[in-house]
Amino acid sequence: MLNRFFGQKPQEDPQKNQGQEKAGDTPASEQRFNFLSRTRQLFSKIGNNVQQSDTITDSLWDDLEESLLEADVGPSTTVWLIERLRQRATEERLRTGAQVQRALREELVKLLGQPASLRFSQKSPLTVILVIGVNGSGKTTTIAKMAYRLTNEGHKVILAAGDTFRAAAIDQLKVWGERVGVPVISQNPGSDPGAVVYDSIQAALTRGSDVLIVDTAGRLHTKYNLMEELKKINKIIQKFIPDGPHELLMVIDATTGQNALLQARQFAADIGLTGVVITKLDSTAKGGFAFAVADDLGVPIKLIGTGEKVENLSLFDPQSFVAALFAQE
Ligand SMILES: Nc1nc2c(ncn2[C@@H]2O[C@H](COP(=O)(O)OP(=O)(O)OP(=O)(O)O)[C@@H](O)[C@H]2O)c(=O)[nH]1
Ligand SMILES: [Mg+2]
């Protein structure tokens with residue numbers, strides 16, 4: 001179901017849940033993707049230009065390529081898409097722009113893969129989610145949003161202030177924790193993130209929390225440092241939660257476009273990334289970035305950030321995302 005955020009939830013009070021769905025959620029894909037209006041203009045232009053042409057000409061391919069690049073689909077993904085569509089046009093004897101447009105939509109959905117919800121532990125009482133990403137990508141905000149939604153779905157969430165480099169980072173997470181009503185475990189600035197994770201697991205187990213989300217420092221993100229840090233943290237987690245961490249999510253800011261992908265690509269394979277969160281899709285006209293991310297990194301986009309408010313986080317559904325991009329205003 002579209003508006004089921006994390007796909008999986010523990011036992012909960014059904015009445016409470018009903019009320020929440022009525023109050024907050026907008027299940028229709030049209031409503032959910034309103035934030036994409038600027039990207040949508042680009043894509044519906046692609047839709048119109050292609051659809052209106054009675055024959056398939058070279059200039060149709062050129063227009064299509066240009067529009068995909070403009071929407072930040074990225075050079076390699078764009079080239080791949082055009083080649084794939086040309087091949088389909090020949091094989092399937094496509095004759096009209098409308099047929100190409102249909103094929104394009106199918107290929108875009110395929111590129112994004114199957115919808116993937118967060119993975120919860122099947123074996124341990126505690127699910128551990130690590131969140132990484134460069135400075136300012138939106139990690140802390142995303143963690144607060146996840147905590148808010150998970151809490152609403154009946155989970156008992158606890159947060160670990162693993163970004164110990166900046167005092168402000170710890171305070172920021174605490175403020176969010178208070179706002180969304182979840183405890184934040186922290187130590188003094190400069191302390192070992194591993195020790196914070198240790199304390200957090202103890203606290204989670206004692207208090208009966210079922211989800212621990214760990215914030216991390218963005219400035220660690222040279223590959224060597226990040227690997228070392230994650231190794232330490234993983235070792236501590238696995239002492240208590242042998243099947244953890246259950247998610248290693250990388251937060252990527254959509255407004256940084258193709259540059260952000262270079263670094264993400266370097267990390268994705270080596271650190272065992274399990275998913276991506278694309279943030280700030282509301283503040284860019286370049287929603288095509290999602291296709292480059294999915295194509296380049298080979299891990300699912302699990303969530304998207306669509307604003308600064310705590311409610312502005314959605315489960316990523318490829319089919320509705322593509323449908324929304326081609327929808328007319
Ligand atoms: N418009 C918009 N702004 C966002 C979104 N997610 C985060 N932000 C903003 O991005 C800025 C940085 O977010 P943070 O959550 O502090 O980012 P961070 O990755 O934790 O940053 P560091 O702790 O400095 O590494 C804040 O001003 C957020 O309000 C989003 O989905 N949309
Ligand atoms: Mg932060």
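**Exercise 1. The shell around ligand 1**

By class, how many nonpolar, polar and charged residues does the shell around ligand 1 have?

Solution. The structure is a predicted model.
Step 1. Sorting the shell of ligand 1 by class gives 1 nonpolar, 14 polar and 5 charged residues.
Step 2. There are 20 residues around the ligand, and those that come nearest are Gly138, Thr140, Thr141, Gly218 and Gly305.
Step 3. Helix α7, residues 139-152, supplies the largest share of this shell, with 3 residues.

**Exercise 2. The sheet**

Find the order of the strands in the open sheet, and then its edge strands.

Solution.
Step 1. The open sheet has 8 strands in the order β3-β2-β4-β1-β5-β6-β7-β8, and the pairing is mixed.
Step 2. An edge strand pairs on one side only; here the edge strands are β3 (184-185) and β8 (313-315).
Step 3. At the β3 edge, strand β2 (residues 157-161) pairs with β3 in the parallel sense over 2 bridges. Ala160 has Ile185 in β3 as its bridge partner.
Step 4. Helix α7 lies across β1 (127-132), β2, β4 (211-215), β5 (247-253), β6 (275-279), β7 (301-305) and β8. The angle of α7 to β4 is about 170°.

**Exercise 3. Two packed helices**

Describe how helix α5 packs with helix α6.

Solution.
Step 1. Two packed helices are described by the angle between their axes and by the distance between those axes.
Step 2. Helix α5 (residues 75-91) and helix α6 (residues 97-112) pack at about 130°, and their axes are 10 Å apart. This angle therefore makes α5 oblique to α6.
Step 3. The crossing of the two helices is right-handed.
Step 4. From α5, the residues Leu81, Arg84, Leu85, Arg88 and Ala89 meet Val100, Ala103, Leu104 and Glu107 from α6. By class, this contact has 6 nonpolar and 3 charged residues, and no polar ones.

**Exercise 4. Backbone geometry in two loops**

Which peptide bond is cis, and which residue other than glycine has a positive phi?

Solution.
Step 1. Most peptide bonds are trans, and most residues other than glycine have a negative phi.
Step 2. The bond from Gly244 to Pro245 is cis, with omega near -10°. Pro245 is placed in the loop between α10 (223-240) and β5.
Step 3. Asp72 has a positive phi, near 70°. The loop that holds Asp72 lies between α4 (58-70) and α5.

Note on methods: Residues numbered from 1 in each chain as written. Chains lettered and ligands numbered in written order. Predicted model: local features only at pLDDT ≥ 70, side-chain atom pairs only at ≥ 80, totals over all residues. Near = placed C-beta within 6 Å. Helix = DSSP H or I, 4+ residues; strand = E, 2+ residues; numbered from the N terminus. Nonpolar A, V, L, I, M, F, W, Y, C, P; charged D, E, K, R; others polar. Axes fitted to C-alpha atoms, helices over the stretch in contact; angles between N-to-C directions. Parallel < 35°, antiparallel > 145°, perpendicular 65-115°, else oblique. Left-handed = near helix turned anticlockwise from the far one by under 90°. Contact = placed C-beta atoms within 7 Å. Pairing = 2+ DSSP bridges.
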